[in-house]
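Reader: Please take a close look at one packed pair of helices for me, and then show me how the rest of the chain is arranged. I would like the cut-offs behind each term as you go.

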Amino acid sequence: MADQTIVPIEQLLPNKLFLIPLMGRPIFPGIFTPVMVNNQDDVKMVEEAYAGDGFLGICMLETENDPHGVSDLYKVGTVARIIKKINLPDGGLNVFISTLKRFKVRKIVSERSPLLAIVDYLDDTEDDTFEVKALTRALIGEMKEISENNPLFSEEMRLNMINIDHPGKIADFIASILNIEKQDQQRILEMQNVRQRMEQVLVFIKKEQELLRVQKKIQSEINNRIEKTQRDYFLREELKAIKEELGMTTDAKSSDYQKFKEKIEAFDFQGEIKEAVDAEMEKFALMDSNSGEYIVTRNYLETIVNLPWKDPDPESWDLKEARGILDGDHYGLEDVKKRIIEYLAVRKLRRDTKGSIILLVGPPGVGKTSVGKSIARAMNKPFFRFSVGGMRDEAEIKGHRRTYIGAMPGKIIQGLKIVKTKSPVFMIDEVDKMGSSYQGDPSSALLEVLDPEQNVSFRDHYLDLPYDLSNILFILTANTLDSIPGPLMDRAEVIQLSGYIDTEKLEIAKKYLVPRSLEKNGLKKNQVKYSNDSLLFIANGYAREAGVRNFEKNLDKIHRKFATEIVFGEKTEKDKFAPDQELIEKFLGKPIFREDGGKKADIPGTAMGLAWTSMGGDTLIIEAIANAGKEGFSLTGQMGDVMKESASIAWSWMKRYAIAEEIVTPEWYEKHLVHLHIPEGATPKDGPSAGITMAIALLSLLKDKPLRSSLAMTGELSLTGQVLPIGGLKEKTIAARRNGIKDIIIPHQNIRDLDDIPEHIRKGISFHPVQRMEEVIDIAFSRGKIQPKLKDE
Ligand SMILES: Nc1ncnc2c1ncn2[C@@H]1O[C@H](COP(=O)(O)OP(=O)(O)OP(=O)(O)O)[C@@H](O)[C@H]1O
């Protein structure tokens with residue numbers, strides 16, 4: 001019977017081993033593991049070993065060159081026993097091995113395959129010292145910690161650490177499962193000294209722990225981040241749903257974007273505008289809604305989408321209806337209405353709505369604004385009004401560039417945003433009072449707006465896109481034509497409104513001002529009744545002006561007082577008011593103007609002239625006196641240069657005339673200082689049209705004889721005594737009428753202007769056209785009825 005004693009396997013280990021080169025990591029002793037063998041030489045070798053004693057030497061390859069030689073092998077490896085061998089269909093093998101012990105190659109017996117080597121087995125050294133025991137505990141403790149954090153480790157450990165009883169083996173096992181470089185593993189494999197090996201492993205464990213800690217930290221950070229974004233996402237979605245449920249808009253930015261997008265798509269922009277607007281939208285989509293630029297872009301897009309871009313519908317209005325509206329809104333103003341109707345008729349006939357400018361000129365309160373409004377109403381167009389009076393900065397018309405903080409579009413674009421159509425009526429007030437400064441010239445900006453050649457592609461600085469203004473009907477207003485830039489006047493259809501006489505004011509008050517003022521002040525129509533005399537008393541005593549603005553204000557003042565009395569219970573709503581002069585004086589105070597007009601030229605040395613200012617026509621008293629003294633001629637009364645020249649012409653001519661006619665002797669002049677003055681010295685006056693008046697005032701002084709009463713005159717005097725034409729005859733006549741004038745001396749060349757003065761204004765006034773100063777003198781000193789060359793009764 002064979003010997004049945006059990007021999008430890010280590011005693012069976014052969015000193016000659018077939019060596020298998022290993023591509024992967026080294027295999028430590030004490031491990032049971034499968035190994036794949038594909039190389040045919042290696043397969044043969046394994047077969048041979050399996051058939052023999054079943055032992056193999058496993059060595060790791062230093063480099064993974066293929067083919068590899070003996071020199072590529074590490075010299076320290078592990079001896080393994082083949083437990084099971086499975087032949088694979090592709091000719092390879094799957095071998096289950098159990099590793100036993102370290103060895104070192106002493107000598108290669110056969111360098112060719114199968115590799116055969118003589119080996120020395122390496123025992124662990126120093127494995128039972130106190131330090132090793134401590135290290136063992138430390139290792140186990142650390143591994144426990146690792147396994148707690150890494151479930152994979154714990155599984156493997158549970159399977160493998162069960163039978164480990166030797167400190168060296170513990171180190172080997174841990175080294176084999178740690179995630180370290182294979183060269184490091186080989187280094188550990190080559191360590192025979194157990195303590196060294198354990199220390200080395202401990203270092204790697206520490207590294208692994210550090211790695212795990214960082215990994216865990218990163219993981220938890222990522223988890224937190226994911227959690228936060230997820231949480232935010234869910235909350236936002238929830239908020240959106242709540243807002244939708246409540247009918248509130250969702251996220252402000254996206255709803256703005258959506259709103260802009262829809263409107264912009266509807267406009268169907270082309271070319272430059274499309275490119276610019278698209279670019280702006282792209283920018284907007286990417287912007288942070290908290291940035292300052294976001295607001296700027298948002299406002300810009302808001303302006304774009306609120307502007308009317310669609311071409312206007314064809315105009316639909318009826319000329320007869322238009323006439324009806326103009327008539328209904330205004331009393332009188334026949335020639336103005338006629339001019340406007342003519343203008344509208346031409347516009348209708350030409351079917352041309354482009355490049356239209358109307359310029360309404362006249363003193364304040366004559367109805368320029370209300371005529372403009374009526375035109376808009378007659379044409380079914382929205383009305384927008386702004387004033388350029390005192391404007392000095394062209395940006396007010398053309399806007400600021402968007403780079404400025406708080407930049408805005410100019411008045412024109414702002415107006416279009418409000419009226420929401422491309423073809424409104426725009427009223428631009430006070431074009432005669434535009435200024436200019438270092439900030440640019442608003443009048444040239446206005447010309448750009450009005451010029452039909454340029455305004456088809458008007459460029460506002462803020463918008464910075466071409467915009468067609470040619471469909472706008474522009475109505476400009478001014479008090480005088482003098483200071484209106486020439487090019488602007490050339491392009492416009494000029495319509496003059498001259499002012500009203502008493503009877504017109506009376507009618508306007510009865511039909512429009514009184515009813516409107518009553519309503520404004522909460523009174524009923526039948527509560528207040530004015531007689532014609534009362535209304536005329538207000539007009540003449542408190543509101544002697546070309547327009548009816550002050551008339552309206554005074555009526556308001558009276559009605560306010562009535563309203564107050566009713567509210568205080570002093571009167572009831574049933575009480576009727578019939579304001580007479582006494583009541584009017586109680587409410588408005590003593591009249592500002594005297595009934596007789598206040599101005600009189602009834603003493604020697606005085607004469608009444610007629611003047612024309614931006615406030616309308618007016619009467620002008622000229623006074624002259626002579627003081628004993630040295631010869632001289634002085635002037636006072638805020639006269640402009642032209643008027644001063646005109647005064648000195650009058651004096652020269654009259655001096656010579658008086659000597660020639662022997663009214664005074666030449667010596668008289670040597671002993672007298674003559675002083676000529678125009679009262680209301682605070683008001684600057686200029687112009688040549690007072691020439692004949694100054695001359696006649698001087699003659700009246702020299703003759704010491706007053707002029708005929710109720711006489712006024714206007715005319716420029718030349719040095720040779722000719723009477724030259726003047727302007728504003730209509731306004732002057734209205735003023736003369738207000739002052740009860742019966743005779744007016746006018747230059748002969750102004751006869752044709754009389755046709756423009758309505759019949760009712762001329763009524764009762766005799767016009768005396770003259771060509772020479774001598775004729776003026778004849779009329780001025782005549783008494784009784786003169787036979788006018790031209791009379792309108
Ligand atoms: N012919 C008229 N018929 C009816 N109302 C009139 C007439 N003329 C003027 N009014 C009224 O007088 C008031 C002043 O007129 P409006 O404001 O139009 O004057 P304006 O010429 O525009 O003055 P400004 O030059 O100061 O702007 C308005 O209430 C207007 O309705």
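**A helix pair and its surroundings**

Author: Let's start where two helices touch: L319, A322, R323, L326 and D327 of α11 meet K337, I340, I341, L344, A345 and K348 of α12. Two residues are in contact here if their C-beta atoms, placed from the backbone, lie within 7 Å. Helices (H or I, at least four residues) and strands (E, at least two) are DSSP runs, numbered from the N terminus. Please keep in mind that this is a predicted model, in which local features need pLDDT of at least 70, side-chain atom pairs count only at pLDDT 80 or more, and totals for chains, interfaces and linings use all residues. Residue numbers start from 1 along each chain, following the sequence as written.

Helix α11 spans residues 319-329 and helix α12 spans residues 334-350; their axes come within 11 Å and cross at roughly 155 degrees. Axes are lines fitted to C-alpha atoms, for helices over the stretch in contact, with angles running from 0 to 180 degrees between N-to-C directions. The two helices are therefore roughly antiparallel. For these labels, angles under 35 degrees count as roughly parallel, over 145 as roughly antiparallel, 65 to 115 as roughly perpendicular, and the rest as oblique. The crossing of α11 past α12 is right-handed; that means the near helix is turned clockwise from the far one by less than a right angle, whereas an anticlockwise turn would make it left-handed.

From here, H330 and L333 lead us onward, since both are in contact with G367, as is L497, once neighbours within four places in sequence are left aside. G367 sits in the loop between β7 (356-361) and α13 (368-378). G367 is buried because 25 other C-beta atoms lie within 10 Å. The cut-offs are 20 or more other C-beta atoms within 10 Å of a residue's own for buried, 12 or fewer for exposed, and in between for partly exposed, with C-beta atoms placed from the backbone. K368 belongs to helix α13 and is likewise buried, with 25 other C-beta atoms within 10 Å. Setting aside neighbours within four places in sequence, K368 contacts L360, G362, T477 and L497. UniProt, in an unreviewed entry, places a "binding site" feature at G362, P363, P364, G365, V366, G367, K368 and T369. UniProt positions are given in the numbering used here, feature names are shortened, and annotations may be inferred rather than shown by experiment.

A second helix pair makes a good contrast. Helix α22 (residues 641-660) packs against α24 at an angle of about 40 degrees, with their axes 8 Å apart. These two are therefore oblique to each other, and their crossing is right-handed. On the α22 side the meeting residues are S646, A647, I649, A650, W651, W653, M654 and A658, and on the α24 side G691, M694, A695, L698, L699 and L702.

The largest nonpolar core has 130 residues, and A695, I696, L698 and V776 have the most contacts inside it. Helix α24 (residues 691-703) gives the most to this core, with nine residues. A nonpolar core is a set of buried Ala, Val, Leu, Ile, Met, Phe, Trp, Tyr and Cys residues joined through C-beta atoms within 7 Å. V776 contacts I692, I696, M713, V723, I745 and V770, not counting neighbours within four places in sequence. Apart from the largest core lies another, of 44 residues, including L19, A49, V119 and L189.

A few loop residues deserve a stop too. M408 lies in the loop between α14 (395-398) and α15 (411-419) and counts as partly exposed, with 18 C-beta neighbours inside 10 Å. M408 touches G399, H400 and Y462, leaving out residues up to four places away in sequence. The C-alpha atoms of M408 and H461 are 8.9 Å apart, although 53 residues separate the two along the chain.

Most residues other than glycine have a negative phi. E430 has a positive phi of about 55 degrees and sits in the loop between β9 (425-429) and α16 (442-450). D464 also has a positive phi of about 55 degrees, in the loop between β10 (458-459) and β11 (466-467).

Finally, the whole chain: 27 helices and 23 strands make up its secondary structure, and 35% of its 793 residues are buried. Of the contacts with a separation of 6 or more, 74% join residues 24 or more positions apart.
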